[in-house]
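Hi,

Here is the structure I promised to pass on. Have a look at it first, then read my notes below with the model open beside them.

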Amino acid sequence: MNAMLRMLAWTLALMLVVLPVVAVVNGWIGAGRWPLRTLRIQGELHRVDPQKLRATLLPYAAQGFFAVRLDDAQVAVAKLPWVQHAEVRKRWPDVVEVRIVEHRPFARWGNDRLLSEQGQLFPVAGVELPKGLPLLDGPDSRVAEVVALYNESRTLFTPGGIDVRGLALDRRGSWSLQLSDGTRVLVGNSEARLRLTRFARMLPQLLSQKQLPLARADLRYTNGFALSWTVAPPRPAAPQSQGNT
């Protein structure tokens, strides 16, 4: 009996020590005594909304310093628009510290994503699209190839005062471009760089000879191009004057 009483006494003593610690860690008590009052942001925020960031962290910080769930808070912050990477820490006595790395947009990718300068695809939901981004598209596994040909194409056409506004690689492996002057260029699925080089070299001469906007260029030929020109609308006839009778 004495042994059982001693065991119960030890158990009760242990509970009296452990339970307060558990209660503090879980936020059952102590939130008012050790509140988190300060949000400290590391890194420059150009696109992440600070108000949305604060609102996202508030539920996790509400239970006090010892109870804040840093892993859950970090996952929530990482889901915010424009966040590439996030780290959430706490600093004694009342600071939540957040380090954020933002996506830097390079291009639009398809209809519903952006491509960052680091080659990562991320959704456009809740994102205000920057102006002037080119439109790229292709299989996700071939992002690097699409970017490489886009950069090479710009180098080819820029000397002629033309920029590349879009580049796509379809499921059949066929390339196409959209130029800043409105020309759509069909390249095909073989010798893309050779065909583009030849076309870019001849384009200024072709435009000067025709004096019309080029609507479409099909490069999928061995020894030449198929060109479609925008036909200029006919000029309205000048009104004829009628003399007095």
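**The smaller-numbered strands first**

Strand S1 and strand S3 (residues 95–102) pair up in the parallel sense, with five bridges between them. One spot to find is Gln42, which stands opposite Arg99 in S3. Before going on, please keep in mind that this is a predicted model.

S1 and S3 belong to an open sheet of three strands, ordered S1-S3-S2, and the pairing in this sheet is mixed. Why do S1 and S2 each have one side without a neighbour in the sheet? Strand S1 (38–42) and strand S2 (83–91) stand at the edges and have a single partner strand each, so nothing in the sheet sits on the other side. On average, neighbouring strands here are turned by 20° against each other, if you ignore direction.

Two helices go with this sheet. Helix H2 (residues 50–61) lies across S1, S2 and S3, and runs at about 140° to S3. Helix H3 (residues 70–78) packs on the sheet too, touching S2 and S3, and its direction makes about 150° with that of S2.

**The nine-strand sheet**

Now scroll along the chain. Nine strands make another open sheet, in the order S6-S5-S4-S7-S8-S9-S10-S11-S12, again with mixed pairing. Its edges are strand S6 (121–123) and strand S12 (226–229); each has a single partner strand, so one side of each is left without a neighbour in the sheet. Neighbouring strands of this sheet are turned by 25° on average, direction ignored.

At the S6 end, strand S5 (residues 113–116) runs antiparallel to S6, and three bridges join the two. Leu114 has Phe122 in S6 as its bridge partner.

Helix H4 (residues 143–157) lies across S4, S5, S6, S7, S8 and S9, at about 145° to S8. Helix H5 (residues 192–210) lies across S9, S10, S11 and S12, at about 150° to S10.

**Where H4 meets H5**

How do these two helices cross? Their axes come within 9 Å and cross at roughly 20°, which means H4 is roughly parallel to H5. The crossing is right-handed. Residues making the contact include Ala148, Leu149 and Leu156 of H4, and Leu196, Phe199 and Leu203 of H5.

**The whole chain**

In total you'll find five helices and twelve strands. Of the 245 residues, 32% are buried. The chain exposes about 16,100 Å², and carbon and sulfur atoms supply 54% of that.

Cheers

Technical notes: Residues are numbered from 1 along each chain as its sequence is written. This is a predicted model: local features need pLDDT of at least 70, side-chain atom pairs count only at pLDDT 80 or more; totals for chains, interfaces and linings use all residues. Side-chain values use heavy atoms; hydrogens and water are left out. Two strands pair if DSSP finds at least two bridges between them. Helices (H or I, at least four residues) and strands (E, at least two) are DSSP runs, numbered from the N terminus. Axes are lines fitted to C-alpha atoms, for helices over the stretch in contact, and angles run from 0 to 180 degrees between N-to-C directions. Contact means heavy atoms within 4.5 Å. Buried means under 20% relative accessible area, exposed over 50%, partly exposed in between (1.4 Å probe, protein chains only). Accessible areas come from the Shrake-Rupley method with a 1.4 Å probe; for residues, only the protein chains shown count as cover. Angles under 35 degrees count as roughly parallel, over 145 as roughly antiparallel, 65 to 115 as roughly perpendicular and the rest as oblique. A crossing is left-handed if the near helix is turned anticlockwise from the far one by less than a right angle, and right-handed if clockwise.
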